[in-house]
Amino acid sequence: MPDLKIELKCGHSDNRGIYYAETKRAMIYCAMHESLDDLYKTIDHETYHHCFNYLDVTDDMDEYMEERVIYCLQWARFDLI
């Protein structure tokens, strides 16, 4: 799998994180998070975007569907307990 480049930014943004498929880069805005755990969730979230792009399944999903799948993946471990 091609490497994902993650950049941590200290500034504010309208986004908590954003993934750029063209450059395989994710930018994470630290100031938009309340805790370290929250920051880790955003890194996981952007990594899922990268994996979906690499597996070429994004053509089969619209933006809402992709976000919903990621949400379910992130919370599945809590729902199974």
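**Exercise 1. The sheet**

In what order do the three strands form the open sheet, and what is the pairing?

Solution. The model is a predicted one.

Step 1. The order is S1-S3-S2, and the pairing in this open sheet of three strands is mixed.

Step 2. Strand S1 (5–9) and strand S2 (17–20) are the edge strands, since each of them pairs on one side only.

Step 3. From one strand to the next, the twist averages 15 degrees.

Step 4. Take the two pairings in turn. S1 and S3 are joined in the parallel sense over five bridges. S2 and strand S3 (residues 25–29) run antiparallel and are joined by four bridges.

Step 5. Helix H1 (residues 36–54) lies across S1, S2 and S3. The helix runs at about 20 degrees to S2.

**Exercise 2. Faces and partners along S2**

State which side chains of S2 point to one face and which to the other, and find partners for residues of this strand in S3.

Solution.

Step 1. The side chains of S2 alternate. Gly17 and Tyr19 point to one face and are buried. Ile18 and Tyr20 point to the other face and are not buried.

Step 2. Look across to S3. Gly17 stands opposite Ile28, and Tyr20 has Arg25 as its bridge partner.

Step 3. S3 itself is mostly covered, with four of its five residues buried.

**Exercise 3. The hairpin of S2 and S3**

How many residues lie between the strands of this hairpin, and which residue there takes a positive phi?

Solution.

Step 1. There are four residues between the strands, and Lys24 takes a positive phi near 55 degrees.

Step 2. Set this against the usual case. Most residues other than glycine have a negative phi. Lys24 is not a glycine, yet its phi is positive, at about 55 degrees.

Step 3. Lys24 lies in the loop between S2 and S3. Its relative accessibility is 28%, so it counts as partly exposed.

Step 4. Ala21 also lies in the loop between S2 and S3. Ala21 counts as partly exposed because its relative accessibility is 27%.

Step 5. Ala21 and His33 are 12 residues apart in sequence, while their C-alpha atoms are 23 Å apart in space.

Step 6. A positive phi is also found at Asp56, which is not a glycine; the value is about 60 degrees. Asp56 lies in the loop between H1 and H2.

**Exercise 4. Two residues of S1**

Is Leu8 buried or exposed? Classify Glu7 in the same way, and list the contacts of both residues beyond their neighbours in sequence.

Solution.

Step 1. Leu8 has its place in strand S1, and Glu7 lies in strand S1 as well.

Step 2. Apply the cut-off: exposed means over 50% relative accessible area. Leu8 has 51%, so it is exposed.

Step 3. A residue between the buried limit of 20% and the exposed limit of 50% is partly exposed. Glu7, at 27% relative accessibility, therefore counts as partly exposed.

Step 4. Set aside neighbours within four places in sequence. Leu8 is then in contact with Ile28 and Cys30. In S3, the residue opposite Leu8 is Ile28.

Step 5. With neighbours within four places again left out, Glu7 is in contact with Arg25, Ala26, Met27 and Ile28.

Step 6. Compare separation along the chain with distance in space. Leu8 and Ile43 are 35 residues apart along the chain, and their C-alpha atoms are separated by 9.6 Å. Glu7 and Asp62 are 55 residues apart in sequence and 25 Å apart from C-alpha to C-alpha.

**Exercise 5. The largest pocket**

What volume does the largest pocket have? Describe its lining by residue, by element and by class.

Solution.

Step 1. Rolling a probe the size of a water molecule over the atoms shows where empty space is left. The volume of the largest pocket is about 190 Å³.

Step 2. The lining of the largest pocket is made up of 13 residues. Nearest its centre lie Arg16, Lys41, Thr42, His45 and Gln74.

Step 3. H1 and helix H2 (63–79) are the elements that give two or more residues to this lining.

Step 4. Sorted by class, the lining has three nonpolar, five polar and five charged residues.

How values were computed
Residues are numbered from 1 along each chain as its sequence is written. This is a predicted model: local features need pLDDT of at least 70, side-chain atom pairs count only at pLDDT 80 or more; totals for chains, interfaces and linings use all residues. Side-chain values use heavy atoms; hydrogens and water are left out. Two strands pair if DSSP finds at least two bridges between them. Axes are lines fitted to C-alpha atoms, for helices over the stretch in contact, and angles run from 0 to 180 degrees between N-to-C directions. Contact means heavy atoms within 4.5 Å. On a 1 Å grid over the protein atoms alone, a cavity is a set of points where a 1.4 Å probe fits but cannot get out, and a pocket is an open set with protein on both sides within 12 Å along at least five of seven lines; lining residues have an atom within 4 Å of a point. Grid points are joined across faces, edges and corners, and a volume is the space filled by probe spheres set on the points. Ala, Val, Leu, Ile, Met, Phe, Trp, Tyr, Cys and Pro count as nonpolar, Asp, Glu, Lys and Arg as charged, and the others, Gly among them, as polar. Buried means under 20% relative accessible area, exposed over 50%, partly exposed in between (1.4 Å probe, protein chains only).
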